[in-house]
Amino acid sequence: MTEQEQAAAVARRIFATLSTKWALAVLEAIGDHERRFAELHRAVEGISYKMLTQTLRTLEADGIVVRYDHHTANPRVDYSLTPAGRDLLATVHQLCTWSRTHLRELLAESHAAQQDRHDHTGAPDGGGAGPEISVRQRLLCRVVSNGEVKIRFGVGTGSAADPDDLAALVDRLEAARVDSLWFSELVFAPAVDPTVGMAFALARTSRLKVGTSVAILPGRHPVLVAKQLASLAALAPKRVLPVFGLQPAGPGEKELFPVPGPRGAVFDESLRLLRAVLRADDVDFDGDYFTVRAATVGKRPARPLDIWLGGRAPGAFRRIGRYGDGWLGSFVTPAEASAGVTAINAAAAAAGREIEADHFGITLLLAENGIPAELAARIRAQRPGADPGDVIAGSWADLHRLVDGYLAAGLSKFVVVPADGTVSARFVDRFVTELLPRQN
């Protein structure tokens, strides 16, 4: 074998290592330091002891990481990058910079190529190109983030979710290390109440986060809502993700949330009071709709809970900029999401605030076997002239295409909900296979 052939073989081996789920994360965690195994396990979120061991051994075999045994009475082993490893990490950072510079054109070309392949093969799920697309998606995830934003995928319960199935679902998500489980406000549906569902899931788990997608705030007293959130956060720190909306989506449910004035104005005031009592004790508040004296909700998180909001209208974007800590959109195209991010940031700047870069996300419906005609008709009725395929995924390949577009638009948090309303064990297994590798 010539020297050129040897170099090519080594490069292929290194590229294969870097395309695995954990290699780059471990390299970043080591950086310029000497790290003990336990330190690396804490630093690389979500990695198991077994996978960390396997990844370190592979990186050692490739000459990227060196292992030093101190041979002391109390066993101690440190890991650091070799000179070649440090050069490799610097090269990866250069690639990240290049990728961010050309991200939009790369995504456009990728989308066009996938569409052309679909037009010629008719394969709705990517045909035989799965492994190639999977590697590309993992690399895209990492170069978009490069340590700046965390890309996360959660599972949303649908309208047909059976309470009898919730325990098994929660246990399965926790075991699979899925990031989060989300509950929607659907009063007339079989699905459990969001606050009850969150409490149940938190009590069964030690890692799984829970959120609402979305719960309705206008029509509830903000201090009582704050008490519920503060209690959940005290019992399960850093695992409660509240998202609120203006009004319920279910037909006939709006009357269940009566408000003492215009719903938008009540929502704004509710958010001001909610945020106040989640940040301080003995709150006095005089508003147009609420008046409280010395309001206190007990133990509060050291860092106040982030309050995310839903919505896709201009008024919703202004509200998020003024009073929200993040946006969880729904039924918007990637282009509309990009415009929404811009509008929210502008509203926040006008209010003297700033929304964190990784506090933008979206709830996505996934119809694995194609978008049903009834669902497509409902989308067209809500949004005349819109293509349902631009806001709903009709396959896992379509979901990846939409995620690529939303990443380019500045979104990094995704709640995936089965369009048929039920989260089966098979769905969770496919979710883990398809989406967890895209997290960073």
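Two strands count as paired if DSSP finds at least two bridges between them. In this predicted model, β4 and β16 meet that criterion, with four bridges joining them in a parallel arrangement. One of the contributing pairs links arginine 152 to lysine 413 of β16. Strand β14 also pairs with β16 in the parallel sense, over six bridges. Here leucine 365 has valine 417 of β16 as its bridge partner.

Strand β16 is mostly covered, with six of its six residues buried. The cover extends to both faces. Lys413, Val415 and Val417 are buried on one side. Phe414, Val416 and Pro418 are buried on the other.

The protein as a whole contains 16 helices and 16 strands. Of its 440 residues, 47% are buried. Contacts between residues at least 6 apart in sequence were also examined. Of these, 70% join residues at least 24 apart. The exposed surface amounts to about 21300 Å². Carbon and sulfur atoms supply 54% of that area.

Helix α16 spans residues 425–435. Its buried residues are Phe427, Val428, Phe431, Glu434 and Leu435. These residues lie on the same side of α16, because they cover an arc of only 135° around the axis. The elements that cover them include the strands β4 (152–156), β14 and β16 (413–418). Helices α8 (166–175) and α15 (396–409) are also among the covering elements.

Glutamate 434 is the charged member of this buried set. Its relative accessibility is 19%, so glutamate 434 counts as buried, the cut-off being under 20%. The side chain of glutamate 434 forms a salt bridge with that of arginine 430, at 2.9 Å from N to O. Both residues belong to α16 and are four residues apart, about one turn of the helix. Arginine 430 is partly exposed, with a relative accessible area of 28%.

Helix α14 (residues 373–382) has Leu375, Ala376 and Ile379 as its buried residues. They share one side of α14, because their arc around the axis is only 100°. On the other side, Ala373, Glu374 and Ala381 are exposed. The cover over the buried residues of α14 includes β14 (360–366) and β15 (392–393). Strand β14 thus recurs in three settings: it pairs with β16, and it helps cover the buried residues of α14 and of α16.

Salt bridges were searched across the whole structure, and 23 were found. Side chains of opposite charge can pair when their charged atoms come close. One such pair is lysine 150 with glutamate 45, at 3.7 Å from N to O. Lysine 150 sits in the loop between α7 (130–145) and β4, and glutamate 45 in the loop between α3 (37–43) and α4 (49–61), so the salt bridge ties together parts 105 residues apart in sequence. Both partners are partly exposed: lysine 150 has a relative accessibility of 44%, and glutamate 45 has a relative accessible area of 43%. The two also belong to a network of salt bridges that links Glu45, Lys150, Arg152, Asp179 and Lys209. Arg152 of this network is the residue whose bridge partner in β16 is lysine 413.

A further salt bridge joins aspartate 325 to arginine 279, with the closest N and O atoms 3.9 Å apart. Aspartate 325 lies in the loop between α12 (314–323) and β13 (326–330), and arginine 279 in the loop between α11 (263–277) and β10 (283–286), so this pair ties together parts 46 residues apart in sequence. Aspartate 325 is buried, at 11% relative accessibility. Arginine 279 is partly exposed, with a relative accessible area of 33%.

The surface also carries a nonpolar patch, formed by Val187, Phe188 and Leu256. Together these three residues offer about 280 Å² of accessible area. Phenylalanine 188 lies in the loop between β5 (180–183) and α9 (194–204). Its relative accessibility is 55%, so phenylalanine 188 counts as exposed.

Terms used:
Residues are numbered from 1 along each chain as its sequence is written. This is a predicted model: local features need pLDDT of at least 70, side-chain atom pairs count only at pLDDT 80 or more; totals for chains, interfaces and linings use all residues. Side-chain values use heavy atoms; hydrogens and water are left out. Buried means under 20% relative accessible area, exposed over 50%, partly exposed in between (1.4 Å probe, protein chains only). Helices (H or I, at least four residues) and strands (E, at least two) are DSSP runs, numbered from the N terminus. The arc is that of the directions from the helix axis to the C-beta atoms. Contact means heavy atoms within 4.5 Å. Accessible areas come from the Shrake-Rupley method with a 1.4 Å probe; for residues, only the protein chains shown count as cover. Patches are made of residues with over 30% relative accessible area and no salt bridge: like charges are joined within 9 Å, nonpolar side chains (Val, Leu, Ile, Met, Phe, Trp, Tyr) within 5 Å. A salt bridge is a side-chain nitrogen of Lys or Arg within 4 Å of a carboxyl oxygen of Asp or Glu.
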